[in-house]
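User: Could you take a close look at one part of this model for me, and then work outwards from there? I'd like one connected walk-through rather than a list.

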Amino acid sequence: MRNDTQYATFEVRPTSHPRTLTERTAALAELSFGTVFSDHMAHAVWTPERGWHDHRVEAYGPISLDPAAAVLHYAQEIFEGLKAYRHADGSVWAFRPEANAARFAASARRLALPELSEAEFLHSIEVLVHTDVDWVPGVPGSSLYLRPFMFASEAFLGVRSARRVDYLVIASPSGPYFTTGFTPVSIWVAEDYHRSGPGGTGAAKCGGNYAASLLPQRQAYEQGCEQVCFLDAATNTRLEELGGMNMFVVTADGAVHTPALTGTILEGVTRSSILRLLAEAGREVHERPITLTEVKDGVTSGAISEMFACGTAAVITPIGHLKGNGFHLTVSGGDAGPVTSELHQALTDIQYGHREDTHGWMRRLV
Ligand SMILES: *Cc1c(COP(=O)(O)O)cnc(C)c1O
């Protein structure tokens, strides 16, 4: 492990009450997503006077927060999501964590939170995963999901950026995000609500974006769909992304299309990795506006052969059905298409060490 003097290291303060081997084994035997957490968490605090300080890895557990803490009132909060993958030789790796560090810093700037350096971000993850390495599951498709987050903890009801901020990383051993695995999902296209707008926070990974997506998400469930797709707020005609995943369209000519980054879409690490893999495979890729009308017509005529969503948690998820006000379309006959399946295989092979990492995307943690 590196030990730069440029930043404070996260001091390990081992928990006095680690779960027993029996308890951990039981927890790892029944993996879902985001319900079980490891024994420790990384934690640091920021104030204007001291900057980031008190970096430690400590017992996982409830944190004490003043009821006036700004995050509870004004939602000054950001987060990240990445995974630690166990390879066959027992080593543990992260996928492009530098990209998460850079995005975390960009999100911090947008939410007027203090930036955490890339070195500190990476170090927090390395020390936590090192400490809780026994919590990294080894069964196929599993991982230790890492959730770094930062929030305004200053007790102050005035409206300004907070003068005390907490940074934490928690870790959750996880199975596949969708319990159904690599099977197509149904998408509801929301025409009455948006998750972000021009000049808003759509390009930042912040809790507020998710809060805004929950009501339309519930409407999607009521329509029998697992996920909601948002249209752009300016024209209500272009597909943007799902509540927490980017989206791709494959046309019958073999080209692949995804909404361009306009400032209202979150730039996924999975999205950018897919664009790279597709370009290297010699496929035509287009980042451009994609209208709902075009998609409805294309799926109906067969000009659009596949659609899929992507993000760290669920990797790549085929879209089998697209529903909205007055339409219900079946994509790819409701199955996963070949381009979607190939990409899923390529990406997970790299992440789990089954395929050579020619891009230098994997970073060894343990
Ligand atoms: C996190 C997230 C994604 C996916 O990003 P990845 O880096 O691929 O995990 C897409 N959209 C939104 C809104 C997100 O919050």
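Let's start with Asn 236: is it buried, partly exposed or exposed, and why does it count that way?

Analyst: Asn 236 counts as partly exposed, because its relative accessibility is 26% and that class runs from the 20% limit for buried to the 50% limit for exposed. Keep in mind that this is a predicted model. Asn 236 sits in the loop between strand E10 (227–231) and strand E11 (239–242). What catches the eye there is the backbone: phi of Asn 236 is near 55 degrees, a positive value in a residue other than glycine. Most residues other than glycine have a negative phi.

Ala 75 makes a good companion to look at, with a phi near 60 degrees, again positive in a residue other than glycine. Ala 75 belongs to the loop between H2 and strand E4 (77–79). Its relative accessible area is 38%, so Ala 75 is partly exposed.

From Ala 75 you can step back along the chain to the other side of H2. Ile 63 is in the loop between strand E3 (51–59) and helix H2 (71–74), and with a relative accessible area of 37%, Ile 63 is partly exposed. Together with Leu 65 and Leu 72, Ile 63 makes a nonpolar surface patch of about 240 Å². Ser 64 is found in that loop between E3 and H2 too, and it counts as exposed because its relative accessibility is 75%. If you want a sense of distance from here, the C-alpha atoms of Ser 64 and Arg 110 are 26 Å apart in space, with their positions 46 residues apart in sequence.

Now for the ligand. There are 15 residues around it, and the closest are Lys 205, Tyr 210, Glu 241, Thr 270 and Thr 312. By type, that shell splits into four nonpolar, seven polar and four charged residues. Tyr 210 has a polar side-chain atom 2.5 Å from a ligand oxygen, and Thr 270 places one 2.6 Å from an oxygen of the ligand. Arg 103 joins in as well, with a side-chain N or O atom 2.8 Å from a ligand oxygen. As for how much of the ligand is left open, the protein covers 97% of the 380 Å² of accessible area that the ligand has on its own.

Away from the ligand, a couple of aspartates deserve a look. Asp 39 is in the loop between helix H1 (21–29) and strand E2 (40–47), and it is buried, because its relative accessible area is 9%. Its side chain makes polar contacts with the side chain of Arg 19 at 2.8 Å and with the side chain of Trp 135 at 3.3 Å.

Asp 166, in strand E8 (residues 165–174), is also buried, with a relative accessible area of 5%. The Asp 166 side chain makes a polar contact of 2.7 Å with the side chain of His 43, and another of 3.1 Å with the side chain of Arg 164. That second pairing also counts as a salt bridge, the closest N and O atoms of Arg 164 and Asp 166 being 3.1 Å apart. Arg 164 itself is partly exposed at 35% relative accessible area, so this bridge pairs a partly exposed arginine with a buried aspartate.

That brings us to the wider set of charges: a search of the whole structure finds 17 salt bridges. One of them joins Arg 24 and Asp 134, whose closest N and O atoms are 3.8 Å apart. This pair links distant parts of the chain, since Arg 24 is in helix H1 while Asp 134 is in the loop between helix H4 (118–131) and strand E7 (143–152), 110 residues apart. Arg 24 is buried, with a relative accessible area of 15%, whereas Asp 134 is partly exposed at 45%.

Another bridge has the side chains of Arg 355 and Asp 349 meeting at 3.0 Å, N to O. Arg 355 counts as partly exposed at 40% relative accessibility, and Asp 349 counts as buried at 11%. Finally, Glu 11, Arg 13, Asp 54, Arg 56 and Glu 58 are joined into one network by salt bridges that share partners.

How values were computed:
Residues are numbered from 1 along each chain as its sequence is written. This is a predicted model: local features need pLDDT of at least 70, side-chain atom pairs count only at pLDDT 80 or more; totals for chains, interfaces and linings use all residues. Side-chain values use heavy atoms; hydrogens and water are left out. Patches are made of residues with over 30% relative accessible area and no salt bridge: like charges are joined within 9 Å, nonpolar side chains (Val, Leu, Ile, Met, Phe, Trp, Tyr) within 5 Å. Accessible areas come from the Shrake-Rupley method with a 1.4 Å probe; for residues, only the protein chains shown count as cover. A salt bridge is a side-chain nitrogen of Lys or Arg within 4 Å of a carboxyl oxygen of Asp or Glu. Helices (H or I, at least four residues) and strands (E, at least two) are DSSP runs, numbered from the N terminus. Buried means under 20% relative accessible area, exposed over 50%, partly exposed in between (1.4 Å probe, protein chains only). A residue is near a molecule or strand if one of its heavy atoms lies within 4 Å of it. A polar contact is a pair of N or O atoms within 3.5 Å; within protein, one must be able to donate a hydrogen and the other to accept it, and residues adjacent in sequence count only if both atoms are side-chain atoms. Ala, Val, Leu, Ile, Met, Phe, Trp, Tyr, Cys and Pro count as nonpolar, Asp, Glu, Lys and Arg as charged, and the others, Gly among them, as polar.
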